[in-house]
Amino acid sequence: MKKKITAPKIYSMKNKEKITMITAYDCPTAKIVESAGVDIILVGDSVGMVILGYPTTLEVSVEDIIHHSKAVSRCSEYALKVGDMPFMSYQASVEDAVKNAGKIIQKGGMDAVKLEGGENHIEKVRAIINAGIPVMGHVGLTPQSVNLFGGFKIQGKTEESARQILKDAKLLDQAGVFAIVLEGIPEELAKLITESVSCPTIGIGAGRFCDGQVLVFHDMLSIPEPCYFKFVKQFENAGEVMKKGVENYINAVKNGEFPEKTNSTHISEEIINKIKKERGLKCI
Ligand code: KIV
């Protein structure tokens with residue numbers, strides 16, 4: 001029988017087996033990625049951009065994450081389920097951080113939470129772990145700081161920035177996170193961090209040497225259309241397949257080919273004729 005994947009299990013996979021993580025925000029996606037065998041399902045705040053059509057992740061609320069987490073948790077049994085802590089759910093205070101992490105676990109049915117930041121939010125990370133909740137760190141191009149960075153820009157290219165990201169990762173590791181997402185940083189820096197921390201690193205746009213990889217489901221499958229970010233690989237063109245299916249449906253309805261007799265239910269002519277007679281209509 002397949003065993004439920006836990007945060008300690010993910011921690012123990014470093015240097016043994018590459019870790020896979022994919023986003024999901026709803027029941028069908030959770031079922032697809034879980035049946036394919038993914039290790040971690042992330043209900044990311046990318047839901048804001050990918051599903052809700054916002055320009056950044058900043059608009060996403062704790063309620064949004066809980067709403068989507070509930071759908072995912074109902075439809076996944078084995079993968080580790082991580083809920084993202086959205087913008088302003090932990091930045092203001094340790095108390096906010098613990099309470100909101102608790103809600104994502106209790107109401108959303110997640111197994112762990114992820115939050116962006118290192119040295120600047122280390123007290124919050126410690127407090128959430130002390131409350132018994134596994135935490136995944138996230139450093140580098142952290143999208144919630146998009147306004148501070150002046151756009152979605154690669155981080156860690158200068159000596160100062162590279163040193164800070166390494167320091168952030170080490171502090172998170174010491175605080176007890178079970179894994180750290182490295183996003184949008186040079187491959188060489190991601191390799192150095194991966195070799196410097198005892199927990200696994202999970203890369204996105206961070207090169208070949210992380211302990212695992214994460215991609216947004218819709219980006220890797222080109223839904224609704226191909227995503228041309230350098231760090232994304234198109235593993236299937238599902239958007240094209242879906243569009244073709246919808247075009248086929250539209251044509252079939254317009255041409256009168258759908259629905260067919262077999263797509264319908266039927267009652268006897270006798271009943272229909274009886275009704276028609278009563279209403280003074282012509283019988284079949
Ligand atoms: O929100 C998200 O999907 C993420 C991943 C890209 C790491 O944070």
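This is a guided tour of a predicted model, to be followed in the viewer one selection at a time.

**The ligand and its shell**

Begin with the ligand. The space that the ligand takes is the largest pocket. Next, select the residues around the ligand, which are T23, L42, G44, D45, S46, D84, K114, H138, V181 and I204. Colour this shell by class: three of the residues are nonpolar, four are polar and three are charged.

Which side chains in this shell should be viewed with their atoms displayed? Show the side chain of S46, where an N or O atom lies 2.6 Å from an oxygen atom of the ligand. Continue to K114, which has a polar side-chain atom 2.9 Å from an oxygen atom of the ligand. Then display D45, whose side chain places an N or O atom 3.0 Å from an oxygen atom of the ligand. Taken alone, the ligand exposes 260 Å², and the protein buries 95% of that area.

**D84 and strand 3**

Keep the shell in view and select D84, one of the residues around the ligand. This residue is found in strand 3. Is D84 buried or exposed? D84 counts as buried because its relative accessibility is 1%, and the cut-off for a buried residue is under 20%.

Now add D45 to the selection and draw a line between the two C-alpha atoms. D84 and D45 are 39 residues apart along the chain, and their C-alpha atoms are separated by 5.8 Å. D45 also belongs to the residues around the ligand.

**M88 in the following loop**

Move along the chain from strand 3 (80-84) towards helix 5 (94-106), and stop at M88 in the loop between them. The phi angle of M88 is near 70°, a positive value in a residue other than glycine. With a relative accessibility of 45%, M88 counts as partly exposed, because this value falls between the limits of 20% and 50%.

**Helix 9 and strand 7**

Select helix 9, which covers residues 187-196, and locate S196 in it. S196 is partly exposed, with a relative accessible area of 30%. Add D173 and compare the positions of the two residues: S196 and D173 are 23 residues apart in sequence, and 9.4 Å separate their C-alpha atoms in space.

Proceed to strand 7, residues 201-204, and select G203 within it. G203 is buried, with a relative accessible area of 0%. From G203, measure to I185: the two residues are 18 residues apart in sequence and 9.0 Å apart in space, C-alpha to C-alpha.

**The loop between helix 10 and helix 11**

Select S222, whose place is in the loop between helix 10 and helix 11. Its phi angle is near 55°, a positive value in a residue other than glycine. Since its relative accessibility is 1%, S222 counts as buried.

Next, display the backbone from I223 to P224. The peptide bond between I223 and P224 is cis, and its omega is near 5°. P224 lies in this loop as well, between helix 10 (217-220) and helix 11 (238-254).

**The loop between helix 11 and helix 12**

Where is P259 found? P259 is in the loop between helix 11 and helix 12. Display the backbone from F258 to P259, where the peptide bond is cis with omega near 0°.

In the loop between helix 11 and helix 12, select I267. I267 is exposed, with a relative accessible area of 56%, and the cut-off for an exposed residue is over 50%. Add K230 and zoom out until both residues are visible. I267 and K230 are 37 residues apart in sequence, yet 58 Å apart in space, C-alpha to C-alpha.

**Helix 12 and the last stop**

Finally, select helix 12, residues 269-278, and show the surface of the chain around it. How many of the 10 residues of helix 12 are buried? The count of buried residues is one, and the helix is hardly covered. Just after helix 12, select G280, which takes a positive phi of about 75°. The tour ends at this glycine.

Notes:
Residues are numbered from 1 along each chain as its sequence is written. This is a predicted model: local features need pLDDT of at least 70, side-chain atom pairs count only at pLDDT 80 or more; totals for chains, interfaces and linings use all residues. Side-chain values use heavy atoms; hydrogens and water are left out. Buried means under 20% relative accessible area, exposed over 50%, partly exposed in between (1.4 Å probe, protein chains only). Helices (H or I, at least four residues) and strands (E, at least two) are DSSP runs, numbered from the N terminus. A residue is near a molecule or strand if one of its heavy atoms lies within 4 Å of it. A polar contact is a pair of N or O atoms within 3.5 Å; within protein, one must be able to donate a hydrogen and the other to accept it, and residues adjacent in sequence count only if both atoms are side-chain atoms. Accessible areas come from the Shrake-Rupley method with a 1.4 Å probe; for residues, only the protein chains shown count as cover. On a 1 Å grid over the protein atoms alone, a cavity is a set of points where a 1.4 Å probe fits but cannot get out, and a pocket is an open set with protein on both sides within 12 Å along at least five of seven lines; lining residues have an atom within 4 Å of a point. A molecule sits in a cavity or pocket if more than half of its atoms lie within 2 Å of its grid points. Ala, Val, Leu, Ile, Met, Phe, Trp, Tyr, Cys and Pro count as nonpolar, Asp, Glu, Lys and Arg as charged, and the others, Gly among them, as polar.
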